[in-house]
Amino acid sequence: MITGILLIVSLSAEGQGASTATGAKPSRKAPQAAARKLSPEQKFVLDTVNMAVALPQPDPQDRLRVLATAANVIFPIDPKIAKALWHEGVRIESELIQAGKTPAISLMASGQADCEAAQSFVENLSEDSVVAAEQSLIGAVTSCKKQTLDLVSRKLAGALKKKIVASRALMATMEAQGTKSAWSQKQFEQMFNSLPDSRENASEAENFAAMYARMSGEVEKEDAKDAGLDLLEWLGKLDDTGLRTLAISITVGAMKQALGEKDFQEALSSDIVASSTVRGAQNGAPGQIERPPLESVSVLEAMRDNGSDHTDQLRDLPASERAREAAAHGFAAGTSGDKQQAKKYFDMAFAAVDEVWEARAPEQDTAAVVEEVSEAAAEVDSVNALARAQALRDPSAQAIAMLAVARVVAGSGIAR
């Protein structure tokens with residue numbers, strides 16, 4: 001059965017067209033693995049990865065996700081292929097950032113890029129793009145400190161002079177430089193003198209407060225006082241939300257610890273705006289911080305309900321929840337030996353995946369739904385799951401689903 005599907009994969013891959021996400025036209029096929037003896041499972045994984053990478057992803061964000069996943073899956077089998085995929089991924093990540101877009105997934109942040117690529121990435125990054133590149137810069141400093149620390153430090157310092165603040169990247173770089181270093185001390189002062197427009201950067205309130213809390217005890221008391229007052233004045237300009245209240249609370253707590261209660265009160269009394277901000281936060285009702293709702297799917301519950309047909313109930317659910325619930329029930333039925341019932345559930349789950357993908361929005365992690373359904377199917381029957389993945393309507397969804405199947409086989413060492 002494995003041999004049959006591998007033949008299908010091989011023939012299908014030959015017929016796939018190649019187009020790029022960013023205008024260039026590199027080959028969509030992963031480099032060929034070095035000639036060596038592979039187990040049937042490894043061959044299944046290799047062929048599946050090659051086919052997934054050969055599919056076109058018109059959206060560079062999708063292409064980046066496919067490359068990152070493919071490289072991780074194939075690395076234990078052939079590191080050379082993984083390295084080639086990582087290099088293409090870093091190039092796309094850099095192009096997205098230069099276009100002002102934040103990558104949906106960062107090879108740099110996950111430490112997948114080699115240090116030569118990381119150094120080139122930072123060298124080619126403009127100071128205006130450091131906020132979009134924040135996760136990438138954190139990854140570069142963390143994984144390749146020797147090659148990138150000075151470069152990242154210069155980029156962030158230059159951005160601060162333009163009132164462009166990448167607070168988390170600054171914090172990671174200060175930790176790498178040493179919080180007591182002259183560079184870190186100077187950038188701390190510069191940051192709170194250079195806070196960006198409050199209306200456009202309200203979502204950064206918690207990060208700015210966290211940066212202040214981490215560094216306020218590492219700098220001179222006078223600098224901690226001035227920075228704290230600057231931050232409180234900035235927070236006072238924000239709408240009254242739970243996030244604003246939390247940021248004020250973090251800042252006040254850090255100021256009291258850094259200055260002492262008496263000096264903190266004296267500092268507040270010297271700044272009418274900061275004092276008013278603190279009083280307003282203390283007197284107002286605690287705001288609620290809105291978080292995106294999470295869908296809850298319980299495989300254990302599906303296992304307990306196994307034996308009953310729930311497809312009619314699932315049809316009324318939103319597409320993403322229906323996909324996950326149906327996949328959970330399919331997993332429960334399939335692993336208990338009821339292949340026919342599992343088929344019904346996975347028919348529903350993959351049909352819902354097509355709906356989810358067609359209606360996806362930028363703020364939704366639609367790829368996670370595709371992966372979850374495909375992995376559940378692969379745990380039951382990886383060959384069938386691969387065929388289902390290939391049948392999805394969108395080529396990007398196909399590639400993400402196929403790689404999820406390959407990951408299950410690579411992890412278990414079994415192509416069912």
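1. Quick bit of vocabulary before the pocket: helices are DSSP runs of H or I at least four residues long, numbered from the N terminus. With that in hand, α3 gives the largest share of the lining of the second largest pocket, 3 residues. Keep in mind that this is a predicted model.

2. On that pocket: the space in the second largest pocket comes to about 290 Å³. Its lining has 13 residues, and Ala104, Arg360, Ala361, Pro362 and Gln364 are the closest to the centre. Two elements give two or more residues to this lining, namely α3 (60-74) and α19 (366-380).

3. What is the lining of the second largest pocket like by class? There are 5 nonpolar, 3 polar and 5 charged residues.

4. Now the helix pair. Helix α17 (residues 319-335) packs with helix α18 (residues 339-358) at an angle of about 160 degrees, and their axes lie 8 Å apart. Angles over 145 degrees count as roughly antiparallel, so α17 is roughly antiparallel to α18. As for handedness, the crossing of α17 past α18 is left-handed.

5. Who makes the contact? On the α17 side, the residues include Ala319, Ala323, Ala326, Ala327, Gly330, Phe331 and Gly334. From α18, among them are Ala342, Tyr345, Phe346, Ala349, Ala352, Val353 and Val356. Arg322 of α17 takes part too, as do Lys339 and Glu355 of α18. By class, the contact of α17 with α18 has 14 nonpolar, 5 polar and 3 charged residues.

Definitions and conventions:
Residues are numbered from 1 along each chain as its sequence is written. This is a predicted model: local features need pLDDT of at least 70, side-chain atom pairs count only at pLDDT 80 or more; totals for chains, interfaces and linings use all residues. Side-chain values use heavy atoms; hydrogens and water are left out. Axes are lines fitted to C-alpha atoms, for helices over the stretch in contact, and angles run from 0 to 180 degrees between N-to-C directions. Angles under 35 degrees count as roughly parallel, over 145 as roughly antiparallel, 65 to 115 as roughly perpendicular and the rest as oblique. A crossing is left-handed if the near helix is turned anticlockwise from the far one by less than a right angle, and right-handed if clockwise. Contact means heavy atoms within 4.5 Å. Ala, Val, Leu, Ile, Met, Phe, Trp, Tyr, Cys and Pro count as nonpolar, Asp, Glu, Lys and Arg as charged, and the others, Gly among them, as polar. On a 1 Å grid over the protein atoms alone, a cavity is a set of points where a 1.4 Å probe fits but cannot get out, and a pocket is an open set with protein on both sides within 12 Å along at least five of seven lines; lining residues have an atom within 4 Å of a point. Grid points are joined across faces, edges and corners, and a volume is the space filled by probe spheres set on the points.
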